[in-house]
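The following exercises are to be worked through with the sequence and the coordinates at hand. Each task is followed by a solution in steps.

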Amino acid sequence: MRAAYRTGDLVPGLPAADGSRAGSGELLDDVAAGQLLWVAEDGGRVVGTVRAVRPSPRVWEVRRLAVAPACRHSGAARALLRRLEAEARARGVRRVVLDAVVERGNPPFYAHVGYRAVRHFPAGDKPLSEVHMERDPREEPALVPHAAAPAGPGLLVEWRAAPGGTVCRPRLLSGVAAVRTSGWVLGADHWPAAGAAELGLVRGTLLKEGRAAGDGEVFFDRPASRIDAFRLPRAAHPELLAWWRGPTVRHQAPTGG
């Protein structure tokens, strides 16, 4: 299922996913260690897989959920998760957890099937941002807002689509931010505990690609998927986490810029 990790990122140009390089040895090691594996089939053809790593009797971790590119949006990923959760519930597990990469656009799917964001953190080996998510398998799954507001103080960068391109607004927070998630809001970034100096650094980075607009905003004459500061905010500022990315990024209209 390595092909599943080579395609489907929300934006181009991200570092290769670990799963794209994982070989059969990793799978065999997991199975030999007693970890659990489920496979989804269609007409005898494998179209998806997921594993459960069991760090404790009460906590299971989702590993390597993957669906063949041609079978995305078929319900296979949801079905695999539900099967894993059913087994966890039968064995008395209290939490099913996972870590999802924000820039790849994965957290909204997990939120849609009932996982809530617990904490955001920088990836250790790539300039990416991750979010730890979890749900109690004993509860009925419910839609969870995927764009939980960051807690201040700190720096928030909100991204939204605009006529002819993309607009972002960097601003300082004094408490919990109200992050818009409706319409053509594309995402948000957060630098915890940042102040005026960090705001100046981030604004300077944004202005290298865009131009100043009104109300402290920066305008870019192209979709967010073609803006380096949106694709990889941590590449320029390691403490600036991609906080969430919305699926509208895929559908933002191209421009001539």
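**Exercise 1.** Which backbone oxygen does the side chain of T166 reach, and at what distance?

*Solution.* The model under study is a predicted one. Begin at the side chain of T166: the backbone oxygen that it reaches is that of R222, at 2.8 Å. Next, look for a side-chain partner: T166 also makes a polar contact with the side chain of Q252, at 2.8 Å. Both R222 and Q252 appear among the residues in contact with T166 when neighbours within four places in sequence are left aside.

**Exercise 2.** Determine whether T166 is buried or exposed.

*Solution.* The relative accessible area of T166 is 0%. Buried means under 20%, so T166 is classed as buried. Its contacts beyond four places in sequence include W159, L186, F219, F220 and I227.

**Exercise 3.** Locate the strand that holds T166 and describe the sheet around it.

*Solution.* First, T166 is found in strand β8, residues 165-173. Second, the open sheet has 6 strands in the order β10-β11-β8-β7-β9-β12, with antiparallel pairing. Third, β10 and β12 each have a single partner strand, so one side of each is left without a neighbour in the sheet. Fourth, β8 is joined to β11 (residues 218-220) by 3 bridges, and the two run antiparallel. Within β11, F219 is the bridge partner of V167. Finally, helix α5 (residues 196-209) packs on the sheet, touching β7, β8, β9, β10 and β11. The direction of α5 makes about 170° with that of β8.

Note on methods
Residues are numbered from 1 along each chain as its sequence is written. This is a predicted model: local features need pLDDT of at least 70, side-chain atom pairs count only at pLDDT 80 or more; totals for chains, interfaces and linings use all residues. Side-chain values use heavy atoms; hydrogens and water are left out. Helices (H or I, at least four residues) and strands (E, at least two) are DSSP runs, numbered from the N terminus. Buried means under 20% relative accessible area, exposed over 50%, partly exposed in between (1.4 Å probe, protein chains only). A polar contact is a pair of N or O atoms within 3.5 Å; within protein, one must be able to donate a hydrogen and the other to accept it, and residues adjacent in sequence count only if both atoms are side-chain atoms. Contact means heavy atoms within 4.5 Å. Two strands pair if DSSP finds at least two bridges between them. Axes are lines fitted to C-alpha atoms, for helices over the stretch in contact, and angles run from 0 to 180 degrees between N-to-C directions.
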